[in-house]
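This report describes selected features of the structure shown below. Please read it alongside the sequence and the model.

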Amino acid sequence: MITSEQARDTLRDLVAALERAADSRPSIVRRYRIAGAPVALHVGAGGAAQEMLHAIAPLECPDDNSPPLLSLYIWDGQRDGVTLPESPVLRRDDAPEAGLGGYAGDSLRAFYQPNAGVLSLLDTGCRRGHWWLRDVATTPYYERAAPFKHILQWWIADRGGALLHSAAVGIDGAGILIAGPSGSGKSSTALACVDAGFAFASDDYVLIDATHPPHAHLAYATAKVVRSSLDRHQHHRRHFRNLGRDDEKPMLFVQDVAPGRVGSPLALKAVVLPFVAHRTTTRLVRIHPAEMLRALAPSSVLLFPLAGDAAFRRMADVCRELPCFRAELADDPVDVATALRGLLANTQAVSARAAE
Amino acid sequence: MPQPQPSAAARYNPPLQRGALAVDSACFEVNSPTVIGEAIDGEVMVINLVSGIYYNLTGTAAAAWPMLSAGIPLDAIATAVSHACGIDTAVVTRDLTGFVAGLTAEDIVRATGCASAPAGLPAMAPATYTGFAISRYDDLRALLVIDPVHEVGDFGWPPPAEPRKPA
């Protein structure tokens, strides 16, 4: 049995070793604005790990000398020549229930995915993190779709926000959060809205900040669809990156489809729970905040268990503060987008009347 | 002998705590950090981060949750519910005890020492007595397992399924 003290000591030693290696590694620094905050990503000059960053490309910005609120070092273990130490804390290949799953102690957070070969580390005290990939060439595509999501969750939670398992789209800076478990229609709804001219903030993971009501911020510009729905997305076919891989969900980066409509923050006006109802016209039904929280929270919390209590409270805030609707979806994506456009117009009008 | 509990400061593969099926303690606390709960809109949602099971408490159960999770003795909770709902204390005590036994069996709460005698009766607004209803949801594990994008095995949850034994 490994104690939390053993895990802490091993992880602290590992962080120190990575910090030393970072000092001697030729690297480049890329600047981003994530949820409005300056972030610096340190990537090996060799270039392989940079391939992992397409999903956040719309957030890249020039260096304006703002001190970063997150400094993240990205490692390609194979090309950087940095391997993890032999330690019972990290040895899970033969016994998944043993060794490190997750660690949260003091300011240190860690999560190890042994099969994917991914270790996420963040010190929330100094806002420095490490995202170590055993080998970029063999890193699963879902990490490319949503890079360093555990680190992002810990970091945004420390800033009073949360990373939600939700989609978000909007018009003119006003947005709708689309919640629900996998398979509920989040991605299809988000892409239907993108095709209708909406701005895009997420199809699967979205950052919300600490404002009340919150703003939704792009976490990843990735959109993934189930293979059986590809016919509906034929017009985007050339943008899907992985159609040749039957074991992967087809994935595209929305900046390729809708350049200029990805990455702006959205002031959230409503939360929608999609339901594939095969209706002729989409119907919106007001639901209780508790029902929405049941749809929103479990998958968000359980995908990031170390975020825990604070993220859960933030999700409850969102459901209390915003009107919640079930969207009984029509089969026609144009109709779905029209219904959500109408919802946004109505909630905007209600907000304007309340402000008068 | 009490089992060691993971501290709030450091969490490391927290073991699943197996609770007793009988309620033999007067006071309870939420089995944190494994379990988190949030009251919303007259209901309480509870998530067990280790098992992946989540729960919904409604009616009298939701009203009693803040008292239970604050470590108020069961007899004081029963008295408060009895006064607020106009129901015989013995009936409430019987229902509450069964409810807490269920929560304990699900590792949602654990027995704890009572810090001190409460100064007075806990506050509870007048309400209709609905019994102590709790809904249990274990659907998410299946939902995540069928979604290859989320690769739940690599997120550390849910734990690997135990191999089925031949009948």
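Strands β3(B) and β4(B) (residues 43-48) run antiparallel and are joined by 6 bridges; strands here are DSSP E runs of at least two residues, helices are H or I runs of at least four, and both are numbered from the N terminus. Within this pair, V35(B) stands opposite N48(B) of β4(B). The model is predicted: local features need pLDDT of at least 70 and side-chain atom pairs count only at pLDDT 80 or more, while totals for chains, interfaces and linings use all residues. Residues are numbered from 1 along each chain as its sequence is written, and chains are lettered from A and ligands numbered from 1 in the order in which they are written.

The pair belongs to an open sheet of 4 strands in chain B, ordered β3-β4-β5-β7 with antiparallel pairing; two strands pair if DSSP finds at least two bridges between them. Because β3 (35-40) and β7 (134-137) of chain B each have a single partner strand, they stand at the edges, and one side of each lacks a neighbour in the sheet. On average, neighbouring strands of this sheet are turned by 20 degrees against each other, direction ignored.

Two helices lie on these strands. The table gives their contacts (C-beta atoms, placed from the backbone, within 7 Å) and angles (0 to 180 degrees between N-to-C directions of lines fitted to C-alpha atoms, for helices over the stretch in contact).

| Helix | Strands | Angle |
|---|---|---|
| α7(A), residues 289-303 | β3, β4 and β5 (54-57) of chain B | about 10 degrees with β4(B) |
| α1(B) | β3, β4, β5 and β7 of chain B | about 130 degrees to β3(B) |

Chain B as a whole has 4 helices and 7 strands, in the order β-β-β-β-β-α-α-α-β-β-α from the N terminus. Of its 167 residues, 37% count as buried, that is, with 20 or more other C-beta atoms, placed from the backbone, within 10 Å of their own (exposed: 12 or fewer; partly exposed: in between).

Helix α2(B) has 12 residues (74-85), so at 1.5 Å a residue its span should be 16 Å, and its end C-alpha atoms are indeed 16 Å apart; the expected span is 1.5 Å times one less than the number of residues. Its buried residues, including L74(B), I77(B) and V81(B), pack against α1 (59-69) and α3 (89-105) of chain B. G86(B), just after this helix, takes a positive phi of about 65 degrees.

In chain A, 9 of the 10 residues of helix α4 (residues 149-158) are buried, among them W154(A) and W155(A). G160(A), just after α4(A), has a positive phi of about 90 degrees.
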